[in-house]
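Please open the model in a viewer that allows residues to be selected by number. The tour below proceeds selection by selection and states what is found at each stop.

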Amino acid sequence: MMDRPRILCVSFSDIRSDARVLRQLEVLARHGEVTTLSYGDRPDSASDHLSIPADLPSLPQTLFGVVRLALRRFASVAMEAPAVKAARDLLLGREFDIVVANEARALPLAFEVAGSPKVWCDLHEWAPAERTHVLSWRLLVAPFMTWVCAQYLPRVDAATTVNTSIAQMYEQQFGVHCDIVRNAVAYRPDLRPTPPGECIRLVHSGGAVPGRNLEAIIDAVDLLGDGYTLDLYLVQSRQAESYWKQLVARIASSPRTRLHAAVTPEELPATLNPHDLGVYALPPHTPNHRLMLPNKFFDFVQARLGFVFGPSVETDRLIMENGLGVIATGYKASDLADAIRGLTAEQIKGFKSATDAVALRLSSEADVLMEEQILSRLTAAEA
């Protein structure tokens, strides 16, 4: 075996715009020679890259695949998704010592990789309910993802997820222990809270994906009227072009909302820092929504913003325990507007000071340490 382990990082995303996987890669690169397998171009931390064509779906969405899903013949389609088949071809003739499978959908492929590697699955969130608010996904894909978890998770050498609530669900349903790796970002000691001005600057960052309730945030700033603005830093989804066009038109009709080009995850805290309140209100259509602890929460912390969030178990706890902001009574535009309208400049200043006080504790330091421990254990097992 090589002095440095050969590590394969699999993610059916464009890693260069996937903040969680980018942070993971920085740790992987300290422990071995990393090859990434994903959509898009090679990330900076990877030594080598295998690119999956962007038009290939990572789930079995062909007619053959859909029929097999409907018949619950999951074993016959586990490796049949177009992106998975392309990935398997790209891996021909290559061996690895460790495979990091990002999200459960990468597990069948991970166990096909040559070299009898150790497998670490970073599950991110609750795989069986990723998009259960979509009827076709709920009927066809959710049972398949449950099968994948039951079939493969007991065989992994390490598993991680974003918070304790979801980790408990994996242990109860699939008998797998998950360590916690949050979506926290690196500590930014160079940033400090900016004082609120006469105009309160609201901001939201993230993916432009149907169901994220972005329209409610836009409508809320229009309900608030003069004295408030909203800036949006959005990442366009590969699979939601028509929604993007609708959203751009909706933003253009709002006199108080501005759409900006997406910035890199590293640039985001500094870009958000001049704003006052980070706003997010995701209705709990799925368990992942109800138990969310998203990247943007930690981006807002490092940006030293106050928080206005819709109700959610994990974010409610952190916001209230640390005095970071307010929780709206619901997810509608009027709920957000009511929560924001009652805030004084002094209260907003206090929220921003509170995020400054917890910025180190809510940074990625603890998560990086956990990943380092996992990799040390896996590489020691390989030695």
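Select strand E1 (residues 6–14) together with E2: the two pair in the parallel sense over 6 bridges. Within this pairing, valine 10 has leucine 37 of E2 as its bridge partner. The model is a predicted one.

Keep strand E2 (residues 33–39) selected and consider its surroundings. Of its 7 residues, 6 are buried, so the strand is largely enclosed by the rest of the structure.

Next, widen the selection to the whole sheet. It is an open sheet of 7 strands, in the order E3-E2-E1-E4-E5-E6-E7, with parallel pairing. Which strands stand at the edges? They are strand E3 (48–52) and strand E7 (179–180); each has a single partner strand, so one side of each is left without a neighbour in the sheet.

**Strand E6 and its partners**

Move to strand E6 (residues 158–161) and display its side chains. Both faces of the strand are covered: Ala158 and Thr160 on one side, and Ala159 and Thr161 on the other, are all buried. E5 and E6 run parallel and are joined by 3 bridges; here alanine 158 in E6 stands opposite tryptophan 120. E6 and E7 also run parallel, joined by 2 bridges, and threonine 160 has aspartate 179 in E7 as its bridge partner.

**Salt bridges**

The structure holds 24 salt bridges; a few of them are visited here. Select arginine 4 and glutamate 33, whose closest N and O atoms are 2.7 Å apart in a salt bridge. Arginine 4 lies in the segment before E1 and glutamate 33 in strand E2, so this pair ties together parts that are 29 residues apart in sequence. Arginine 4 counts as partly exposed, at 32% relative accessibility, and glutamate 33 is likewise partly exposed, with a relative accessible area of 31%.

Then select arginine 20 and aspartate 122, which form a salt bridge with 2.9 Å between the closest N and O atoms. Because arginine 20 lies in helix H1 (residues 19–31) and aspartate 122 in strand E5, the pair ties together parts that are 102 residues apart in sequence. Are these two residues buried or exposed? Arginine 20 and aspartate 122 are both buried.

Proceed to lysine 85 and glutamate 80, a salt bridge whose closest N and O atoms are 3.6 Å apart. Lysine 85 is partly exposed, with a relative accessible area of 37%, and glutamate 80 counts as partly exposed at 26% relative accessibility. A further selection is Arg192, Arg304 and Asp356, which are joined into one network by salt bridges that share partners.

**Aromatic pairs**

Now display the aromatic side chains; there are 15 aromatic pairs. In the pair of tryptophan 126 and phenylalanine 174, the ring centres are 5.7 Å apart and the planes stand at 35°; the pair is tilted because that angle falls between the 30 degrees below which planes count as stacked and the 60 degrees above which they count as edge-to-face. The pair links distant parts of the chain, 48 residues apart: tryptophan 126 is in the loop between strand E5 (118–122) and helix H5 (135–152), and phenylalanine 174 is in helix H6 (residues 164–174). Both tryptophan 126 and phenylalanine 174 are buried.

Select phenylalanine 307 and phenylalanine 309 for another tilted aromatic pair, with 5.3 Å centre to centre and 50° between the planes. Both of these phenylalanines are buried. Extend the selection to Tyr280, Phe297, Phe298 and Phe300: ring pairs link these residues with Phe307 and Phe309 into a cluster.

**Charges over rings**

Stay at tyrosine 280 and add lysine 296, whose charged end sits over the ring of tyrosine 280, 4.4 Å from its centre. Elsewhere, select arginine 155 and phenylalanine 111: the charged end of arginine 155 sits over the ring of phenylalanine 111, 4.4 Å from its centre.

**A surface patch**

Finally, turn on the molecular surface and select Leu63, Val67 and Leu71. These residues form a nonpolar patch on the surface, with about 320 Å² of accessible area together. Leucine 71 is located in the loop between helix H2 (63–70) and helix H3 (82–90). How does leucine 71 count, as buried or exposed? Leucine 71 counts as exposed, at 53% relative accessibility.

Key
Residues numbered from 1 in each chain as written. Predicted model: local features only at pLDDT ≥ 70, side-chain atom pairs only at ≥ 80, totals over all residues. Heavy atoms only, no water. Phe/Tyr/Trp six-rings, centres within 6.5 Å; stacked < 30°, edge-to-face > 60°. Helix = DSSP H or I, 4+ residues; strand = E, 2+ residues; numbered from the N terminus. Buried < 20%, exposed > 50% of the residue type's maximum accessible area, 1.4 Å probe, protein only. Lys NZ or Arg CZ within 6 Å of the ring centre and 35° of its normal. Patch = residues over 30% accessible without salt bridge, like charges linked within 9 Å, V, L, I, M, F, W, Y side chains within 5 Å. Areas by Shrake-Rupley, 256 points an atom, 1.4 Å probe, with all protein chains shown as cover. Salt bridge = Lys/Arg side-chain N within 4 Å of Asp/Glu carboxyl O. Pairing = 2+ DSSP bridges.
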